[in-house]
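Student: I've got a protein model open on my screen and I'm a bit lost. Could you show me how to read it?

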Amino acid sequence: MNDIATDDPLASFRLDDRLIIVTGASEGIGRAFAESFAHAGASIVLVSRRREKLEEVRRAIAERGGRAEIVPTDVRRIDEICALAKAVRELLQHDNRKLVLVNNAGFGFSKPVAAVTEEDWNTLFDTHAKGAFFCSQQVGALMIERGYGKIINMSSTWSVATQAGKSVYCAAKAAVSQLTAALSTEWGPLGVRVNAIAPATTTTDSAKERLLKEPARFEQLRSRIKLGEFAKPSDLVGAGIYLASGASDFVTGQTLFVDGGFTT
């Protein structure tokens, strides 16, 4: 006799029993994740430096009957990450919801090697790699206490591909993917699954602004995508729900490429 529940094969994708923290939730991919996770039943903790934008997201979630809390946080600051973990601990008091962390905070960056400054390097790595590590460290401690948790890091096709102007961004995203594998090794026996999503160029509002400024470069990128178009934030939602849900409980240490065939 197998252990497959055939009465409702989609039940394992529901998120009703989850509290999901989404960093960088004020816009773009993070907002798409937060709203979709809430619609799938999760309670959401919205994290960003931009409280006014988070209020917009919370209202959008509430209009569809969802639940969201706001914890303004700069993921480049360890003291603020610790405060976030403390706020989450308080939300989980007397609560059996399963905890999920989505390390999504980040930004696109392209600059020739000769023009990169120390500030550029520090800002990029502090946001993408340092932020993901210390958010995982602090929130992961709560998961370990409960014997279960999921961390989803946002990597990129640039973790394995290269292009002129992308040196620092490639290095930062490669660090995120390798961090994903390393955390999964250490925390797998403790019940914490750690995976990453690696999208190709995604048409968030900020990406659209860059596209208008550099149409030739973006057309070159588009030509490398086998499906012939850039991703939309909504194209990543299915991967996010899968990795956040019980459907992926036997998956850890993986970077899932959602890239339209860019890297193949």
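Tutor: Sure, we'll go through the sheet, a few residues and some ring pairs. Keep in mind that this is a predicted model.

Student: Okay, the sheet. In what order do the seven strands sit, and is the pairing parallel or antiparallel?

Tutor: Follow the neighbours across the sheet rather than along the chain. Here the order is 3-2-1-4-5-6-7, the sheet is open, and the pairing is parallel. Strand 3 (67–70) and strand 7 (255–258) are the edges, since each pairs on one side only. On average, neighbouring strands are turned by 20° against each other, direction ignored.

Student: How many bridges join strand 2 to strand 3?

Tutor: Four, and the two strands run parallel. For one of them, find L46: its bridge partner in strand 3 is I70.

Student: And which strands does helix 2 touch?

Tutor: Helix 2 (residues 51–63) packs on the sheet against strand 2 and strand 3, and its direction makes about 170° with that of strand 3. Helix 4 (residues 118–146) packs on the sheet too, touching strands 1, 4, 5 and 6. Its direction makes about 175° with that of strand 4.

Student: Now single residues. Is N195 buried or exposed?

Tutor: Look at relative accessibility: under 20% means buried, over 50% means exposed. N195, in strand 6, has 2%, so it counts as buried. Its side chain reaches the backbone oxygen of V251 at 2.9 Å. Among its contacts further off in sequence are I151, T180 and L243.

Student: What about L227, buried or exposed?

Tutor: L227 is in the loop between helix 7 and helix 8. At 65%, L227 counts as exposed. Try this one too: L227 and D259 are 32 residues apart in sequence, yet their C-alpha atoms are 8.9 Å apart in space.

Student: How many aromatic pairs are there?

Tutor: Six in the whole structure. To read a pair, check the distance between ring centres and the angle between planes. W121 and F125 are stacked, 4.4 Å centre to centre with 15° between the planes. Both lie in helix 4, four residues apart, about one turn of the helix. W121 is partly exposed at 39%, whereas F125 is buried at 18%.

Student: And how are W158 and F262 arranged?

Tutor: Edge-to-face: 5.5 Å centre to centre, 75° between the planes. W158 is in the loop between strand 5 and helix 5, and F262 in the segment after strand 7, so the pair ties together parts 104 residues apart in sequence. W158 is buried at 5%, and F262 is buried at 8%.

Notes. Residues numbered from 1 in each chain as written. Predicted model: local features only at pLDDT ≥ 70, side-chain atom pairs only at ≥ 80, totals over all residues. Heavy atoms only, no water. Pairing = 2+ DSSP bridges. Axes fitted to C-alpha atoms, helices over the stretch in contact; angles between N-to-C directions. Contact = heavy atoms within 4.5 Å. Buried < 20%, exposed > 50% of the residue type's maximum accessible area, 1.4 Å probe, protein only. Polar contact = N/O pair within 3.5 Å; in protein donor to acceptor, adjacent residues only side chain to side chain. Phe/Tyr/Trp six-rings, centres within 6.5 Å; stacked < 30°, edge-to-face > 60°. Lists of a residue's contacts leave out its neighbours within four places in sequence.
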